[in-house]
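Here is a short report for a reader meeting this structure for the first time. Please keep the sequence and the 3D view open while reading.

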Amino acid sequence: MTQDGGVLSVALARALRDAGLHWTPARGDSFVMPDREMDSDVFVLSDMTIEVHQFPAGPVIGFNGTTEWALDSVEQSEVLWVPAEHQLRELLGDAFAGLAPTGDGYRVTLRVDGATSGFDGLDPAEAYALALLHLLRSRRP
């Protein structure tokens, strides 16, 4: 189930990451800091307030000008990417065959090696995410 505004749940975003979804942080990307009692706080990378800094040990997400709480930066490995609907659709690539309303939500149809399968969600983002999760899991050894 997605949260308000079509944002994926932390559980579904975590399942995508655990299934092998790789994230290269970019401006406009949304993320959460799970397991810090901040799961419902969605942050967005921008050029001004939250940006990625490249260090030899790996990317660090910096919070510029945040005086209301004591967090200057956090390692990328400590945050969880919450892909947007358009990003999920793009990640499906050529397997994507369609999106249609179902009355209760939406169904994404995939076509892989001639086989068609459907994935239902309450909104398009959730349906795309469930379809992507299926693809990621089916490609794992």
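Three strands form an open sheet in this predicted model. Their order is β2-β1-β6, and the pairing is antiparallel. Strands of a sheet pair through backbone hydrogen bonds, either parallel or antiparallel. The edges of this sheet are β2 and β6, and each of these strands pairs on one side only. Strand β6 covers residues 80-81. Between β1 and β6 there are 2 bridges, and the two strands run antiparallel. One position to look for is V32, which stands opposite L80 in β6.

**The chain as a whole**

The chain holds 3 helices and 9 strands. Read from the N terminus, the elements come as α-β-β-β-β-β-β-α-β-β-β-α. The chain has 141 residues, and 42% of them count as buried. Its accessible surface comes to about 8200 Å². Carbon and sulfur atoms account for 50% of that surface. Now take the contacts between residues at least 6 apart in sequence: 43% of these join residues at least 24 apart.

**Aromatic rings**

How many aromatic pairs does a search of the whole structure find? The search finds 4. A pair of aromatic rings is described by the distance of the centres and the angle of the planes. Start with W23 and F31. Their ring centres are 6.3 Å apart and their planes stand at 35°, so this pair is tilted. W23 is buried, with a relative accessible area of 8%. F31 is buried too, and its relative accessible area is 0%.

F31 also pairs with F43. Here the centres are 5.6 Å apart and the planes are at 25°, so the pair is stacked. Planes under 30 degrees apart count as stacked, which is why 25° qualifies. F31 lies in strand β1, residues 30-32, while F43 lies in strand β2, residues 43-44. The pair therefore ties together parts that are 12 residues apart in sequence. F43 is buried as well, at a relative accessible area of 12%. Under 20% counts as buried, so 12% falls on that side of the cut-off.

The ring pairs also build a group. They link W23, F31, F43 and W81 into a cluster.

**Salt bridges**

The count of salt bridges comes to 3. The table lists them with the N to O distances.

| Basic residue | Acidic residue | N to O distance |
|---|---|---|
| R14 | D35 | 3.2 Å |
| R17 | D18 | 3.1 Å |
| R107 | D120 | 2.6 Å |

Take R14 and D35, whose side chains meet in a salt bridge. This pair links distant parts of the chain. R14 sits in helix α1, residues 10-18, and D35 sits in the loop between β1 and β2. The two residues are 21 residues apart. Are these partners buried or exposed? R14 is partly exposed, with a relative accessible area of 24%. D35 counts as exposed, at 65% relative accessibility.

Next come R17 and D18, joined by a salt bridge with the closest N and O atoms 3.1 Å apart. R17 is partly exposed, with a relative accessible area of 35%. D18 is partly exposed at 44%.

The remaining bridge joins D120 and R107. This pair, too, links distant parts of the chain. D120 lies in strand β9, residues 115-121, and R107 lies in strand β8, residues 106-112. They are 13 residues apart. D120 is partly exposed, with a relative accessible area of 42%. R107 is partly exposed at 38%.

**A closer look at R14**

Which residues does R14 touch, not counting those up to four places away in sequence? The answer is P34, D35 and L80. D35 is also the salt-bridge partner of R14. L80 is also the residue in β6 that stands opposite V32. Along the chain, R14 and L80 are 66 residues apart. Their C-alpha atoms are separated by 6.9 Å. Find R14 in helix α1, then look for L80 in β6.

Note on methods. Residues are numbered from 1 along each chain as its sequence is written. This is a predicted model: local features need pLDDT of at least 70, side-chain atom pairs count only at pLDDT 80 or more; totals for chains, interfaces and linings use all residues. Side-chain values use heavy atoms; hydrogens and water are left out. Rings of Phe, Tyr and Trp (its six-membered ring) pair if their centres lie within 6.5 Å; planes under 30 degrees apart count as stacked, over 60 as edge-to-face and the rest as tilted. Buried means under 20% relative accessible area, exposed over 50%, partly exposed in between (1.4 Å probe, protein chains only). Helices (H or I, at least four residues) and strands (E, at least two) are DSSP runs, numbered from the N terminus. Two strands pair if DSSP finds at least two bridges between them. A salt bridge is a side-chain nitrogen of Lys or Arg within 4 Å of a carboxyl oxygen of Asp or Glu. Contact means heavy atoms within 4.5 Å. Accessible areas come from the Shrake-Rupley method with a 1.4 Å probe; for residues, only the protein chains shown count as cover.
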